[in-house]
Amino acid sequence: MYQQNFLRKKRNRLLAAGIAFVLTLIVTTTLVTINGLNNHQRRVAEQAQLVQSSLNSMLSDAHEATQKASRLLGGACDFNVEKALNMLPGRYRHIYSINVVHNQHISCSSLLANKHADIGFVLPLDKALWMSRTVRSPDIYVISLITHLPQGTLYVASDLRFLYEMLGSDLVIQVSGKTLTAAGLVKDSLAAAQFSHYEALPAHSPLYTLAWRKPEMSEIIGFTLNSWLSMGFILSMSAIMAALTWLLAIRRHSLYTQLANAIRQHQIHPHYQPIICAKTNAVSGAEILARWHHDELGFVPPDVFIPVAESTGLIIDLTESLLEQVVDDLQQGIAAFQPGFKLNLNISHAHVVDSTFDLFIDYWSPIFRALGITLVFEITERENIDICDALTRKIDHIKRSGIRIALDDFGTGFSNLAFISNLSPDSIKIDRMFTRQISQEAATPLIDCVIDMAKRMNILTTAEGVEYGYQVDYLKANQIDYLQGYFFSKPLCFSDFAGYLKRYRD
Ligand code: C2E
Ligand code: CA
Ligand code: CA
């Protein structure tokens, strides 16, 4: 059984570490990818800014050159006019040529070679801006600003070559239905299928549109996988999370193993904390509390090992082991108990719902009856217990067997009047949180209310965590039935408890 458990736990640990690895892998990969995508978008946005400002300055130069050239065009295109036109491009960084068009032919130009050229195939004069090859050099692309003046049509061509490099593989520019890419000029507009994965950036000019290419999935994954740093980060985070989960599971498992051994070897002992009757001041009973002194770890608090015992099913073995030791203690004969002396045992919800619970009751109730002891099961209200038929039947079984029920930690959890009436406990243990609120100065109506309500329902009350004399006085004045706490005694091993009972009686 233990071997089976061990193998199952090992499989579970491996599974937990594997899940932690995969989950961390997914989360970190997503984060790194989002980060990579953001970086890419930022880079493209910066690049787009550069392209845009270059294009704008190019167009504003062309505009200025147009104005200057228009002043030269009053009469015939003589040597002086041509010379003056020829001087103009030199003043601007990208202007390639300045031309005057009459009847589809260049009548005057800053470039001598352009004169008389037919522009019919190259330049539609109904557009304001046009991208095309130059009239004389087919391998040079220009962007032409076309202006109609009374003296004729003037177009200023600016060299586009320097823009190619700036566009890179992610940006394109659309002008009057044509698109400039890093690979050259394409006759299609952005609406064409080949540009379907491009998205226009917010418009900054009515003359052109700048668009960026949305990265494909394979590229997005590439942003992540291409970086060794990212891969290293992702893998090491996943490995760390898997290792942490593994270690946590081992720690939990090792606590489980140690707890199982400790229970088997009766290393977890019962301690007894006296419960005092408020009316008679006699010790009317005691609460059994588990104590574990580990050889290496020292004292392990119940708040640490009880939850592990509850979640692993060991709580049943632990409770049995405690009761066996309690019976051994009682049979030593070193303490005499009044008939009806109560021993309160903490019973976990996990135990109540177990199929062996009825057998547990049938086994132990006659043993304690024979010893003259009244058993009280303390059932905590901290857990949200579902009152179903099976539970009601078990509660009846407890009562029919002569075992009393106390509702533990009252006021800290889920109990409501319906729960209390279903459980119909013999007593309520008011949590020490409320006892702590009793002060010498102010009234504590909450605790008064609880005592009052219990009285009306015919339920006995025990105040937990009583530490000071003024708390005893206050509680007695408010008709509490039983008192428990360090004021009277801490939980004691059996021999000390027997000594305490003797001293208390004398
Ligand atoms: P609990 O049932 O509420 O037990 C009372 C707790 O209050 C005990 O802590 C006790 O030592 C402590 N206590 C008693 N009087 C005073 C006081 O005047 N002042 C203060 N500050 N504390 C006081 P302990 O022994 O550490 O147990 C903690 C919890 O662990 C218990 O709370 C109970 O829920 C659980 N537990 C302990 N032993 C067992 C057990 O054998 N079975 C189960 N199922 N649970 C157990
Ligand atoms: Ca208790
Ligand atoms: Ca309690």
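**Salt bridges and a calcium site in a predicted model**

Arg-456 and Asp-452 share helix H13, which covers residues 445-456, and they stand four residues apart, about one turn of the helix. The model in which they appear is a predicted one. Between these two residues there is a salt bridge, with the closest N and O atoms 3.1 Å apart. Arg-456 is exposed, at 68% relative accessibility, whereas Asp-452 is partly exposed, at 38%.

Helix H13 also contains Lys-455, whose side chain meets that of Asp-481 in a salt bridge of 3.3 Å, N to O. This pair links distant parts of the chain, for Asp-481 lies in the loop between helix H14 (469-477) and strand S19 (482-483), 26 residues apart from Lys-455. Lys-455 has a relative accessibility of 37% and therefore counts as partly exposed. Asp-481, by contrast, is buried, with a relative accessible area of 11%.

A further salt bridge joins Asp-358 and Arg-393, where the closest N and O atoms are 3.6 Å apart. Asp-358 belongs to helix H9 (residues 357-370) and Arg-393 to helix H10 (residues 389-400), so the pair ties together parts that are 35 residues apart in sequence. The relative accessibility of Asp-358 is 17%, which is under the 20% limit, so this residue counts as buried. Arg-393 is partly exposed, and its relative accessible area is 46%. In total, the structure has ten salt bridges.

Some of the charged residues form a network: salt bridges link Glu-287, Glu-378, Lys-429 and Glu-464. Two members of this network, Glu-287 and Glu-378, are buried.

Which residues coordinate the calcium ion (ligand 2)? Glu-287 and Glu-378 each do so through OE, Asn-346 through OD1 and Asp-408 through OD, at 2.1 to 2.3 Å. Glu-287 lies in strand S12 (residues 283-294) and Glu-378 in strand S15 (residues 373-380), so this pair ties together parts of the chain that are 91 residues apart in sequence. Along the chain, the donors of this ion follow the spacing E-x58-N-x31-E-x29-D.

The calcium ion (ligand 2) lies 3.9 Å from another calcium ion (ligand 3), and Asp-408 coordinates both. Glu-287 and Glu-378 thus appear in two settings: they are among the residues that coordinate the calcium ion (ligand 2), and they take part in the salt-bridge network with Lys-429 and Glu-464.

Methods:
Residues are numbered from 1 along each chain as its sequence is written. Chains are lettered from A and ligands numbered from 1 in the order in which they are written. This is a predicted model: local features need pLDDT of at least 70, side-chain atom pairs count only at pLDDT 80 or more; totals for chains, interfaces and linings use all residues. Side-chain values use heavy atoms; hydrogens and water are left out. Donors are N, O and S atoms within 2.8 Å of the metal (3.2 Å for Na, K and Ca); water is not among the atoms, so sites may look incomplete. Helices (H or I, at least four residues) and strands (E, at least two) are DSSP runs, numbered from the N terminus. Buried means under 20% relative accessible area, exposed over 50%, partly exposed in between (1.4 Å probe, protein chains only). A salt bridge is a side-chain nitrogen of Lys or Arg within 4 Å of a carboxyl oxygen of Asp or Glu.
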